[in-house]
Amino acid sequence: MIILSSSDGFNHPFSSEITPRSTYLDRRALLKRMAVGAAGASLAAWASRSALAQATSIPRPGKLAALAGARSGVSGASTVEAITSYQHASSYNNFYEFGTDKSDPARRAGTLKTNPWTVSVEGLVNKPQSFDLDDLLKLSPMEERIYRLRCVEGWSMVIPWVGYSLAALIKQVQPQGSAKYVEFFTLADPAMMPGLRSNVLQWPYVEALRLDEALHPLSMLAFGMYGEVLPNQNGAPVRLVVPWKYGFKSGKSLVKIRFTEKEPPTSWNMSAPQEYGFYSNVNPEVSHPRWSQATERRIGEEGGLLAKRRKTLMFNGYEPQVGQLYAGMDLKKNY
């Protein structure tokens, strides 16, 4: 509803004051334009709210135990893009501990035993300790965050994770002033992980972040997705999710976190340093040596391998939130 007062410089359209017809018609036309504009704005706002509601009203797959999370208030934590189906997100995975084919983790990860589970935190912290899974689940309120996931291989997904900011755990252990980096170690148990028999990487799988990256609110410890606990193939029972970096930076099935002063070596950087740098921020302007990173294929979209590719966004679309972390850095050198 549009209300025009005398302070607006117009007579109210229902005023009894006599107005010349030409002036009245001009005002009526203006009112009509304003009404259409307001209606358009209202419709756009409604559509935006509707899209957000649709994106955050995610039906449970009914496959695993429920794990609910409140809607996150962290800036950038809820994209309104179409969510990748659970079927695709849980069956198209990189988890080399179970094999190098995309279907291997879903077929083989049933051997992973996630209870009991312990994550030890050590290194340059004042309060080193081991957390069992129950401790971690109670450490901070669960949130649902809908993040874009961009793989270095040129494909992407949109996944609703359940967990909380990694910073909650970091604050518990109180890093020392000399701590500058955080390492994350994935379980390496040959009895449960047949892929460890290959020499594709050095085991255990290790990833790392700068401490300020790890403390960023978007960096997340995830315990679930799609309103349920994590499937084994997606990194159960707890994994890292860093949405502005290529997916391999988000270590799965974590068993140890260590704080260090010097930049630690990481698995892919050790395996192929000319291809995988320490930072591995999503950057459409820096190509992989064997392919461009300018575009990506969204898994599950109609057309499959022939679907139209979409442009990749700087920092995977999270530049407003994280760009300041890299102010003054040469992002081609520090790839």
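This is a selection-by-selection tour of one predicted chain, from the overall fold to its pockets, salt bridges and two loop residues.

**Before selecting anything**

The model is predicted, and local features need pLDDT of at least 70, side-chain atom pairs count only at pLDDT 80 or more, and totals for chains, interfaces and linings use all residues. Residues are numbered from 1 along each chain as its sequence is written, and side-chain values use heavy atoms, with hydrogens and water left out.

**Whole chain**

Start with a cartoon of the chain, which has eight helices and 13 strands. Helices (H or I, at least four residues) and strands (E, at least two) are DSSP runs, numbered from the N terminus.

Next, colour by accessibility. Of the 335 residues, 46% are buried; buried means under 20% relative accessible area, exposed over 50%, and partly exposed in between (1.4 Å probe, protein chains only). The chain exposes about 16,700 Å², with 54% of that supplied by carbon and sulfur atoms. Accessible areas come from the Shrake-Rupley method with a 1.4 Å probe, and for residues only the protein chains shown count as cover.

For contacts (heavy atoms within 4.5 Å), take the pairs at least 6 apart in sequence: 72% of them join residues at least 24 apart.

**Largest pocket**

Select Asn-94, Phe-95, Gly-247, Phe-248 and Lys-252, which lie nearest the centre of the largest pocket among its 30 lining residues. A pocket, on a 1 Å grid over the protein atoms alone, is an open set of points where a 1.4 Å probe fits, with protein on both sides within 12 Å along at least five of seven lines; lining residues have an atom within 4 Å of a point.

The volume of this pocket is about 500 Å³. Grid points are joined across faces, edges and corners, and a volume is the space filled by probe spheres set on the points.

Add strand E4 (143-150) and strand E5 (155-165), each of which supplies at least two lining residues. E5 gives the most, with four residues.

Now colour the lining by class: 17 residues are nonpolar, seven polar and six charged. Ala, Val, Leu, Ile, Met, Phe, Trp, Tyr, Cys and Pro count as nonpolar, Asp, Glu, Lys and Arg as charged, and the others, Gly among them, as polar.

**Second largest pocket**

Move to Leu-64, Val-229, Leu-230, Pro-231 and Asn-232, which lie nearest the centre of the second largest pocket, itself lined by 20 residues. This pocket holds about 350 Å³ of space. Helix H2 (86-89) and helix H4 (133-139) each supply at least two residues of the lining. By class the lining has 12 nonpolar residues, seven polar and one charged.

Stay on Asn-232, in the loop between strand E9 (228-229) and strand E10 (239-241). Asn-232 is buried, with a relative accessible area of 19%. Leaving out residues up to four places away in sequence, Asn-232 touches Phe-95, Ala-109, Gly-110, Leu-112 and Thr-114. A distance label between the C-alpha atoms of Asn-232 and Leu-112 should read 6.6 Å, although the two are 120 residues apart along the chain.

**Salt bridges**

The whole structure has 17 salt bridges, each a side-chain nitrogen of Lys or Arg within 4 Å of a carboxyl oxygen of Asp or Glu.

Show the side chains of Glu-153 and Lys-102, which meet in a salt bridge at 3.0 Å, N to O. The pair links distant parts of the chain, 51 residues apart: Glu-153 is in the loop between E4 and E5, and Lys-102 in the loop between H2 and helix H3 (104-108). Glu-153 is partly exposed at 32% relative accessible area, whereas Lys-102 is buried at 18%.

Which residue does the side chain of Glu-183 meet in a salt bridge? The partner is Arg-258, at 2.8 Å, N to O. Glu-183 is in strand E6 (residues 181-186) and Arg-258 in strand E11, 75 residues apart. Glu-183 is buried at 6% relative accessibility.

Keep Arg-258 and add Glu-122: their side chains also form a salt bridge, at 3.8 Å, N to O. Glu-122 lies in strand E2 (residues 118-123) and Arg-258 in strand E11 (residues 254-260), 136 residues apart. Glu-122 is partly exposed at 27%, and Arg-258 is partly exposed at 27%.

Then select Glu-81, Arg-148, Arg-150, Glu-296, Arg-298, Glu-301 and Arg-310, which are linked in a network of salt bridges.

**Last stop: Ser-78**

Ser-78 sits in the loop between strand E1 (70-71) and H2 and is partly exposed, at 24% relative accessibility. Beyond residues up to four places away in sequence, Ser-78 touches Glu-144 and Ile-146. From Ser-78 to Pro-160 the C-alpha distance is 8.4 Å, with their positions 82 residues apart in sequence.
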